[in-house]
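Here is a set of questions and answers on a predicted model. Each answer works through the geometry and closes on what was asked.

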Amino acid sequence: MHRPTKEEIRTLPMYDGLALIDIHLIENEQDAADALAALNHEAKLGFDTETKPTFRKGEASPGPTLIQLATASKAFLFPMRFPAAVSTAHALLSNPNITKVGFGIRDDIKELRNKLAIEMMNTQDLSIELKHLVDEKNNIGDRAAVAMVLKLRLTKGAQTSNWGAYPLQKHQIQYAANDAHAAICVANALNSLPKD
């Protein structure tokens with residue numbers, strides 16, 4: 001396994017990820033209860049956050065505006081503007097029995113602690129794990145990891161869109177869900193590699 005070049009990534013088939021029907025937005029108490037019931041007994045969840053971009057030098061980040069959690073077949077998006085979404089995300093992220101897997105999550109962990117008082121428990125950073133696996137000096141991001149492990153191309157189109165605006169657009173919903181979904185898919189694929 002090696003870190004693919006940008007050119008190699010461009011030739012790969014597209015990572016389709018989840019359909020909109022498999023992505024759940026948590027906006028009220030009922031959504032939150034459903035999400036908790038669906039995710040609370042998972043051993044491992046894909047994880048990511050989106051933050052409203054800052055454009056001025058020295059402008060402080062407002063912290064995550066969206067938290068995403070995914071299984072291999074579904075994703076749940078928790079907009080931080082809804083109290084029920086915040087409390088459910090808090091319960092899941094601080095649950096020590098669920099491993100939260102993501103790419104380059106150190107800053108996410110810090111932001112969640114500082115801005116939302118969420119102490120994340122039991123995390124696995126795939127960027128660092130893959131770096132050691134292929135003996136690279138730099139961390140491996142989600143796009144390279146998806147290409148490396150799944151042999152697919154992850155698009156980053158909605159990355160800098162306004163995550164502070166609501167309601168979210170369809171392309172934002174899919175992008176956000178697929179970032180967390182890609183993490184769980186990469187983690188599962190790595191798990192099934194033969195151990196030497």
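Q: Is Gly 104 buried, partly exposed or exposed?
A: Gly 104 sits in the loop between strand 5 (99–102) and helix 4. Its relative accessible area is 41%. Buried requires under 20% and exposed over 50%. Gly 104 is therefore partly exposed.

Q: Which residues is Gly 104 in contact with, leaving aside neighbours within four places in sequence?
A: Gln 172 is 68 residues from Gly 104 along the chain, and their C-alpha atoms are separated by 20 Å. Contact needs heavy atoms within 4.5 Å. The residues in contact with Gly 104 are Asp 125 and Ser 127.

Q: Which helix gives the most to the largest nonpolar core?
A: This core has 24 residues. Phe 47, Ile 67, Leu 69, Phe 78 and Leu 93 have the most contacts inside it. Elements giving two or more residues include helix 2 (29–39), strand 2 (44–51), helix 3 (83–93) and helix 4 (106–116). The top contributor, with six residues, is helix 3.

Q: Which residues does Leu 93 touch, not counting those up to four places away in sequence?
A: Leu 93 is among the residues with the most contacts inside the largest nonpolar core. Its partners include Phe 47, Ile 67 and Leu 69. The others it touches are Lys 100, Leu 112, Ile 118, Glu 119, Met 120 and Met 121.

Q: How many residues does the second, separate core have?
A: Tyr 15, Ala 144, Ala 145 and Cys 185 are included in this second core. It is separate from the core that holds Leu 93. Its count is 20 residues.

Q: What are the angle and the axis distance between helix 5 and helix 7?
A: Two packed helices are described by the angle between their axes and the distance between the axes. Helix 5 covers residues 126–133 and helix 7 residues 170–191. Their crossing is left-handed. The angle is about 35°, and the axes are 11 Å apart.

Q: How many nonpolar, polar and charged residues are in the contact of helix 5 with helix 7?
A: Helix 5 brings Leu 126, Glu 129, Leu 130 and Leu 133. Helix 7 meets them with Ala 183, Val 186, Ala 187 and Leu 190. By class, the contact has seven nonpolar, no polar and one charged residues.

Q: Is the peptide bond from Tyr 166 to Pro 167 cis or trans?
A: Most peptide bonds are trans. Pro 167 lies in the loop between helix 6 (142–150) and helix 7. Omega from Tyr 166 to Pro 167 is near 0°. The bond is cis.

Q: Is the aromatic pair of Phe 82 and Tyr 166 stacked, tilted or edge-to-face?
A: Two aromatic pairs are counted. In this one the rings are 5.4 Å centre to centre, with 80° between the planes. Phe 82 lies in the loop between strand 4 and helix 3 and Tyr 166 in the loop between helix 6 and helix 7, so the pair ties together parts 84 residues apart in sequence. Over 60 degrees between planes counts as edge-to-face, and the pair is edge-to-face.

Q: What is phi of Ala 117?
A: Most residues other than glycine have a negative phi. Ala 117 is in the loop between helix 4 and strand 6 (123–125). At 56% relative accessibility, Ala 117 counts as exposed. Its phi is positive, near 55°.

Q: What is phi of Lys 151?
A: Lys 151 is found in the loop between helix 6 and helix 7. Lys 151 is not a glycine, yet its phi is positive. The value is about 60°.

Technical notes
Residues numbered from 1 in each chain as written. Predicted model: local features only at pLDDT ≥ 70, side-chain atom pairs only at ≥ 80, totals over all residues. Heavy atoms only, no water. Core = buried A, V, L, I, M, F, W, Y, C linked by side-chain atoms within 4.5 Å. Buried < 20%, exposed > 50% of the residue type's maximum accessible area, 1.4 Å probe, protein only. Helix = DSSP H or I, 4+ residues; strand = E, 2+ residues; numbered from the N terminus. Axes fitted to C-alpha atoms, helices over the stretch in contact; angles between N-to-C directions. Left-handed = near helix turned anticlockwise from the far one by under 90°. Nonpolar A, V, L, I, M, F, W, Y, C, P; charged D, E, K, R; others polar. Phe/Tyr/Trp six-rings, centres within 6.5 Å; stacked < 30°, edge-to-face > 60°.
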